[in-house]
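Got your viewer open? Load the model, colour it by secondary structure, and follow along.

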Amino acid sequence: MNIVVIGAQWGDEGKGKVIDVLSEETDILIRYQGGHNAGHTVIADGQEFIFHLIPSGLLHRGKVGLIGNGVVIDPEALLEEMQRLSARGIDVTQAVKISDQAHLIFPYHKKLDLLEEKSRAGRIGTTGRGIGPCYVDKVARCGIRVADLCDPHVFAEKLRQNVIEKNKIFQALYQEPPMSYEELLARYRGFADRLAPHVVNGVRFLHEAMRQGKRLLFEGAQGTLLDLDHGTYPFVTSSNATSGGACTGAGVPPTAIHRVIGVVKAYTTRVGEGPFPTEFSDQLMEQIRTKGKEFGATTGRPRRCGWFDAVVARHAIWVNGCHSIAVTKLDVLDEMETIQVCTGYRDGATMIEDFPSNIGTLTRCTPVYEALPGWRTETGEASCFEELPAAAQRYLKRLEALLGVPICLISTGSKREQAFKVGCW
Ligand code: GDP
């Protein structure tokens with residue numbers, strides 16, 4: 001069975017934890033979009049592992065991870081990550097494969113990212129790692145791919161053209177010094193030698209694996225509400241984080257995907273700028289942020305926190321075609337006396353049940369809440385649904401009813417063993 005795991009909110013839902021549980025039933029793990037702006041944190045055997053570009057399921061021995069064509073790769077960041085994981089005993093030499101169609105990030109992308117964000121009237125909240133500008137080059141058809149890096153003549157020419165063009169922008173628009181082509185060429189040739197043993201034809205690799213009956217797990221990064229098309233545009237990432245992205249970003253057909261699992265937190269968070277209807281006011285914000293350790297794995301930025309938003313999650317379930325949902329971080333709500341769930345929005349006299357595409361409406365609207373009793377009991381020790389306090393069971397059942405899909409997994413703590421399966425994937 002081939003499964004896609006996606007974030008059904010604004011990212012950071014705890015996908016890493018769910019992938020870690022699912023990895024035992026998987027052979028090949030695939031990242032299909034985004035770059036090293038993403039970060040999955042997995043706690044296994046008391047140790048914390050953070051993954052940025054490498055599929056997090058590699059924590060399990062004997063698994064192979066593919067960085068698909070839809071990912072944009074900063075070679076320096078990838079090599080660093082491989083070194084870091086290797087030093088902690090994870091086999092990366094054989095286990096990490098890179099699609100030759102993936103695009104490469106260069107220092108001029110990073111520089112552009114920062115300059116553009118600074119000069120924008122309203123900030124998007126980019127991580128400044130060059131990911132957006134790299135995708136811009138991909139769409140503009142001047143991007144440089146891994147296959148180009150492996151061909152010294154093609155690479156030298158493509159890089160030369162790109163440096164000339166980017167230097168024109170730096171000088172004319174930003175009065176910034178130009179970048180040196182020779183320096184970049186030498187640096188990236190060094191990366192090419194080190195990455196070459198990992199490079200594969202990603203499409204062939206996955207199709208051969210499927211022919212052999214291997215099971216694939218596609219790891220979405222970020223979340224549906226950050227998807228370039230289906231998120232809160234323009235406060236989104238530059239790629240398709242939704243399940244459709246798994247096909248285009250890995251080179252497999254929709255018919256190769258058998259299950260889609262949406263991951264939600266028992267509440268909502270978002271990092272960066274943009275509308276967030278159920279955002280808490282100050283006191284609850286501090287409480288949940290501290291209890292849930294809501295600080296970015298990649299940037300350390302504090303996350304904005306709010307109540308569970310069923311309008312958001314339902315939108316995600318439609319777009320991704322989720323068969324089931326995994327609910328994480330239930331324990332973070334353990335101390336709450338009352339828990340609110342947003343069931344719709346109100347825009348003046350108008351009730352809204354579907355997620356609005358218009359950013360103006362989303363900014364203006366107010367959430368309509370349903371209050372449920374809290375359970376005021378620790379849930380971290382529960383090992384099945386029946387062991388959860390009655391009020392927690394009621395809360396989860398209400399989420400299922402509001403979303404129209406069954407819950408397949410519940411997580412009540414950051415440790416590997418603090419998660420249990422509830423039904424079928
Ligand atoms: P991802 O990008 O969706 O994988 O999410 P992150 O890795 O950014 O954030 C998930 C964080 O929450 C990690 O630090 C996990 O260890 C932690 N986490 C995952 N599940 C739970 C849970 O059920 N309870 C608590 N308290 N922490 C969890």
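Which way do strand S19 (residues 407-411) and S20 run, parallel or antiparallel, and how many bridges join them? Select both: they run antiparallel, joined by 3 bridges. Within that pairing, Leu409 has Lys421 in S20 as its bridge partner.

Some housekeeping before you click on: this is a predicted model, so local features need pLDDT of at least 70 and side-chain atom pairs count only at pLDDT 80 or more, while totals for chains, interfaces and linings use all residues. Residues are numbered from 1 along each chain as its sequence is written, and side-chain values use heavy atoms, with hydrogens and water left out. Helices (H or I, at least four residues) and strands (E, at least two) are DSSP runs, numbered from the N terminus. Two strands pair if DSSP finds at least two bridges between them.

**Stop 1: the sheet.** Now select the whole open sheet, 10 strands with mixed pairing, in the order S9-S7-S5-S2-S10-S1-S11-S15-S19-S20. Strand S9 (199-200) and strand S20 (419-421) are the edges: each has a single partner strand, so one side of each is left without a neighbour in the sheet.

Next, pick S11 (residues 259-265). Of its 7 residues, 6 are buried (under 20% relative accessible area with a 1.4 Å probe, protein chains only; exposed is over 50%, partly exposed in between). That's why S11 is largely enclosed by the rest of the structure. Add strand S1 (residues 3-7), which runs parallel to S11 and is joined to it by 5 bridges; look for Ile6 opposite Gly262. Then add strand S15 (residues 324-328), also joined to S11 by 5 bridges and parallel to it. Here Ile261 stands opposite Ser324.

**Stop 2: the ligand.** Show the ligand and the 17 residues that surround it (a heavy atom within 4 Å); Lys15, Gly16, Thr41, Asp331 and Ser411 are the closest. Helix H1 (15-23) and strand S3 (40-44) each supply at least two residues of this shell, and S3 gives the most, with 3.

Turn on distances for the polar contacts (pairs of N or O atoms within 3.5 Å; within protein, one must be able to donate a hydrogen and the other to accept it, and residues adjacent in sequence count only if both atoms are side-chain atoms). Ligand oxygen atoms give you these:

- 2.5 Å to a side-chain N or O atom of Ser411
- 2.9 Å to a polar backbone atom of Lys329
- 3.1 Å to a polar backbone atom of Gly413

Taken alone, the ligand exposes 580 Å² (Shrake-Rupley method, 1.4 Å probe; for residues, only the protein chains shown count as cover), and the protein buries 90% of that.

**Stop 3: Thr26.** Go to the loop between H1 and strand S2 (28-31) and pick Thr26. Is Thr26 buried or exposed? With a relative accessible area of 4%, Thr26 is buried. A polar atom of its side chain lies 3.1 Å from the backbone oxygen of Leu22. Beyond its neighbours within four places in sequence, Thr26 is in contact (heavy atoms within 4.5 Å) with Lys63, Arg215, Leu216 and Leu217.

**Stop 4: the cores.** Finish with the largest nonpolar core (buried Ala, Val, Leu, Ile, Met, Phe, Trp, Tyr and Cys residues joined through side-chain atoms within 4.5 Å), which has 57 residues. Phe218, Phe308, Leu330, Leu333, Leu388 and Tyr395 touch the most other members. Helix H13 (residues 390-403) brings the largest share, 7 residues. A second, separate core has 55 residues, including Ile54, Tyr174, Phe191 and Leu409.
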